[in-house]
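Please look through the structure shown here, strand by strand and helix by helix. The paragraphs that follow start in the sheet and then move to the helices.

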Amino acid sequence: MKAVKKTCSLIGDSGFLLPFELDREDRARTLRDVIFQETEKAVLTEHHRFLCGFTAGVDLIFAETVLELRRKYPDIALESVLAYENEATSWDECTREHYYRLLGYCDKEHLLQTQFSANCLVKRNRYLVDHADSLLTVSDGLLGNPAQAIQYASVQGKHVVRISPSTLAIQKIS
């Protein structure tokens, strides 16, 4: 009997909220390693489709990780879930170029709405949870959209793995 392929959504705190600079500190490199290990565990448990919210910060690390793992596991897919069309226009040029380059490697793109609205990020995270079997997140789980997504995923009975950006501890929530 063939195993059912599952979907994993990836949600992270914005790079602006993390307690260190993503590209400069040792802890950032360690965080990348932990994200890689947890994402590969998802692949090894039959997750072959990865949905990513593509915000600046950890989401782009998730996307890079899936693309790196795709070299070893060519049957995995990366799909972007964009909250609104011009989200990256206000980002610094380097981050914006990186974002567009990574988008070019996605297998599929989901654009949820064309214009920003007060609840567009919440809608994106709900989409990520609703269309996945499990959730991998980097969040201290206290405030903000990732915390709401973790709570929503738990209520929905989804398997949730949370990586703390402060301590790098891994917590299985459900």
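**From the sheet to the helices**

V138 has I163, a residue of β6, as its bridge partner. This pair comes from a predicted model, and so does the rest of what is described here. The two strands concerned are β5, residues 134-138, and β6, residues 159-163, which pair in the parallel sense over 5 bridges.

Where do β5 and β6 stand in the order of the sheet? The sheet is open and has 7 strands, in the order β4-β3-β2-β1-β5-β6-β7. β5 therefore stands between β1 and β6, and β6 between β5 and β7. The pairing in the sheet is mixed. At the edges are β4 (108-111) and β7 (170-172), and each has a single partner strand, so one side of each is left without a neighbour in the sheet. From one strand to the next, the twist averages 20°.

Now turn to the helices. Two packed helices are described by the angle between their axes and the distance between the axes.

Begin with helix α1, residues 26-44, and helix α2, residues 58-72. Their axes come within 10 Å and cross at roughly 55°. That angle makes α1 oblique to α2. The crossing of these two helices is right-handed. On the α1 side the contact is made by R32, I35, F36, T39, E40 and V43, and on the α2 side by V58, I61, F62, E64, T65, V66, E68, L69 and K72. Sorted by class, the residues of this contact are 8 nonpolar, 2 polar and 5 charged.

Two of the charged residues in that contact deserve a closer look. R32 and E64 form a salt bridge, in which the closest N and O atoms are 2.9 Å apart. Because E64 lies in helix α2 and R32 in helix α1, the pair ties together parts that are 32 residues apart in sequence. In the whole structure, a search finds 5 salt bridges.

Helix α2 also packs against helix α3, residues 93-103, at an angle of about 40°, with the axes 11 Å apart. What is the handedness of the crossing as α2 passes α3? This crossing is left-handed, whereas that of α1 and α2 is right-handed. L60, A63, E64 and L67 of α2 make the contact with T95, H98, Y99 and L102 of α3. The classes here are 5 nonpolar, 2 polar and 1 charged. E64 thus appears in the contact with α3 as well as in the contact with α1.

The last pair is helix α4, residues 120-130, and helix α5, residues 144-155. They pack at an angle of about 35°, and their axes are 10 Å apart. Their crossing is right-handed. α4 contributes L121, V122, N125, R126, V129 and D130 to the contact, while α5 contributes N145, P146, Q148, A149, Y152 and A153. By class, this contact has 7 nonpolar, 3 polar and 2 charged residues.

Notes: Residues numbered from 1 in each chain as written. Predicted model: local features only at pLDDT ≥ 70, side-chain atom pairs only at ≥ 80, totals over all residues. Heavy atoms only, no water. Axes fitted to C-alpha atoms, helices over the stretch in contact; angles between N-to-C directions. Helix = DSSP H or I, 4+ residues; strand = E, 2+ residues; numbered from the N terminus. Parallel < 35°, antiparallel > 145°, perpendicular 65-115°, else oblique. Left-handed = near helix turned anticlockwise from the far one by under 90°. Contact = heavy atoms within 4.5 Å. Nonpolar A, V, L, I, M, F, W, Y, C, P; charged D, E, K, R; others polar. Pairing = 2+ DSSP bridges. Salt bridge = Lys/Arg side-chain N within 4 Å of Asp/Glu carboxyl O.
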